Amino acid sequence: MKEFAAILKNEMIKTIRRPRSFIGFAVISFICLMLQGAFYQDGKEILATVTGQLDNVFSIQGNILNGNLICYIVLQTLIVQMPLLVAFVTGDLISGETASGSIRFLLTTPASRTKIVLAKWLSGLMYTFLLLLVLGIFALFVSRAIFGVGDLMAMNSEGLTVIRADDINWRWGSAFLIAFLSLSVVASLGTMLSTIMDNSITPIVTVMATIIIFTIIGMFDMKSFDLIKPFLFTTHMISWRSLFEDPIPLNTILFSCGVLFLHIIIFLGIAIYYFKRKDITT
């Protein structure tokens, strides 16, 4: 156990210290601050246009442009780009060292190949967690500090839902947990491809291409696509939005989480299986 802990610590340090790892933090921070600045300047005018159409139906009072609404918008915006940031780091966790030859030195340690893959995979998950932590701090806490706290008017598949401010914190916590599970699938896919391919660029590009293709398939309402949509992990990566419906479709959310977890198990299993048989002498 101490041996695995030492390897894991070393892998986490290597992952965090890599220059490309800081790109994700910089991108998330910049986009959050940019959107917050834009909404601070023009948000009231935009909301006035939207709520003006509802004045004849609803009596709208209070602070609509609040931190909860900004976080909801930011999360919907960034959750599409974050898989690319995760793939940018996790796609060459193993292939990068294979290309440089340093993986051979790692394999001379007493640790098994399974432990090496698990350590690298967990370091990728830790990086993913830190990305989401930075997103949560900027999107939720900084937004609340700037815009205040209030009820959330959320647009979803059922229309407009109003979530009271005193009933929203647990929803945010659950939403970020589902987001972490979704991004863990991307990290697991990147780890799997990183064991199969021997250069650092191809796995990253392949993960990005896979996400783009699956997302495009999910955008079109066609019978041929409807057959495979339930099996695509990208279909379930946005299931966090269901937490802001009333009533909450719990069975749908649990099914999506199950599909995402199954993808993680499959990708990680293939990564371990392939790496245990990989020839690194050539």
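This is a short talk on the fold of one protein, from its overall build down to a few single residues.

What you see is a predicted model. The protein has 282 residues, and 46% of them count as buried. Its C-alpha atoms fill a box of roughly 75 × 45 × 30 Å along the principal axes.

Let me start with the secondary structure. There are eleven helices and two strands. If you read along the sequence, the order is α-α-α-α-α-α-β-β-α-α-α-α-α. So much for the order of the elements; next, the contacts. Take the contacts between residues at least 6 apart in sequence: 80% of these join residues at least 24 apart.

Now the surface. The protein exposes about 14400 Å², and carbon and sulfur atoms supply 68% of that area. As for charge, there are 20 positive and 17 negative side chains. The centres of those two sets lie 14 Å apart.

Two of the helices can be checked for length. Helix α6 covers residues 113–147, which is 35 residues. At 1.5 Å a residue α6 should span 51 Å, and its end C-alpha atoms are 50 Å apart, which agrees. Just after α6 comes Gly 148, with a positive phi of about 85 degrees.

Helix α7 takes in residues 169–196, 28 residues in total. The expected span of α7 is 40 Å, and the end C-alpha atoms are 41 Å apart, so here too the two values agree. How many of the residues of α7 are buried? The count is 21 of 28, so to speak of α7 as mostly covered is fair.

Next, a pair of residues in the interior. Gln 36 lies in helix α2, which is residues 21–52. Ile 70 has its place in helix α3, residues 67–90. Is Gln 36 buried or exposed? Gln 36 has a relative accessible area of 2%, and therefore counts as buried. Ile 70 is buried as well, at 0% relative accessibility.

Leaving out neighbours within four places in sequence, Gln 36 is in contact with Ile 70, Phe 138, Ala 139, Val 142, Ser 143, Ile 146 and Phe 147. On the same terms, Ile 70 is in contact with Gln 36, Phe 39, Leu 65, Ser 143 and Phe 147. A separate figure concerns Ile 70 and Val 142: they are 72 residues apart along the chain, and their C-alpha atoms are separated by 9.9 Å.

On to the cysteines. How many disulfides does a search of the whole structure find? It finds zero. Why does Cys 32 form no such bond? The closest cysteine sulfur to that of Cys 32 is in Cys 71, and at 8.4 Å it is too far for a bond. For scale, a disulfide needs the two sulfur atoms within 2.5 Å. Seen from the other side, the sulfur of Cys 71 has Cys 32 as its closest cysteine partner, at that 8.4 Å. Cys 32 is buried, with a relative accessible area of 0%. Cys 71 is also buried, again at 0%.

I will finish with three residues in loops. Asn 199 is found in the loop between α7 and α8, where α8 is 202–219. Asn 199 counts as partly exposed, with 33% relative accessibility. Not counting residues up to four places away in sequence, Asn 199 touches Ser 95 and Ala 99. Where Met 155 is concerned, Asn 199 is 44 residues away in sequence and 43 Å away in space, C-alpha to C-alpha.

Ile 228 is found in the loop between α9, residues 223–226, and α10. At 34% relative accessibility, Ile 228 counts as partly exposed. Ile 228 and Asp 42 are 186 residues apart in sequence, and the C-alpha distance between them is 41 Å.

The last one is Pro 247, which is found in the loop between α10, residues 233–236, and α11, residues 250–276. What kind of peptide bond joins Asp 246 and Pro 247? The bond is cis, with omega at about 5 degrees.

That is the tour.

Terms used:
Residues are numbered from 1 along each chain as its sequence is written. This is a predicted model: local features need pLDDT of at least 70, side-chain atom pairs count only at pLDDT 80 or more; totals for chains, interfaces and linings use all residues. Side-chain values use heavy atoms; hydrogens and water are left out. Helices (H or I, at least four residues) and strands (E, at least two) are DSSP runs, numbered from the N terminus. Buried means under 20% relative accessible area, exposed over 50%, partly exposed in between (1.4 Å probe, protein chains only). Contact means heavy atoms within 4.5 Å. Accessible areas come from the Shrake-Rupley method with a 1.4 Å probe; for residues, only the protein chains shown count as cover. Lys and Arg count as positive and Asp and Glu as negative; His and the chain ends are not counted. The place of a charge is taken as NZ of Lys, CZ of Arg, CG of Asp or CD of Glu. The expected span of a helix is 1.5 Å times one less than its number of residues.
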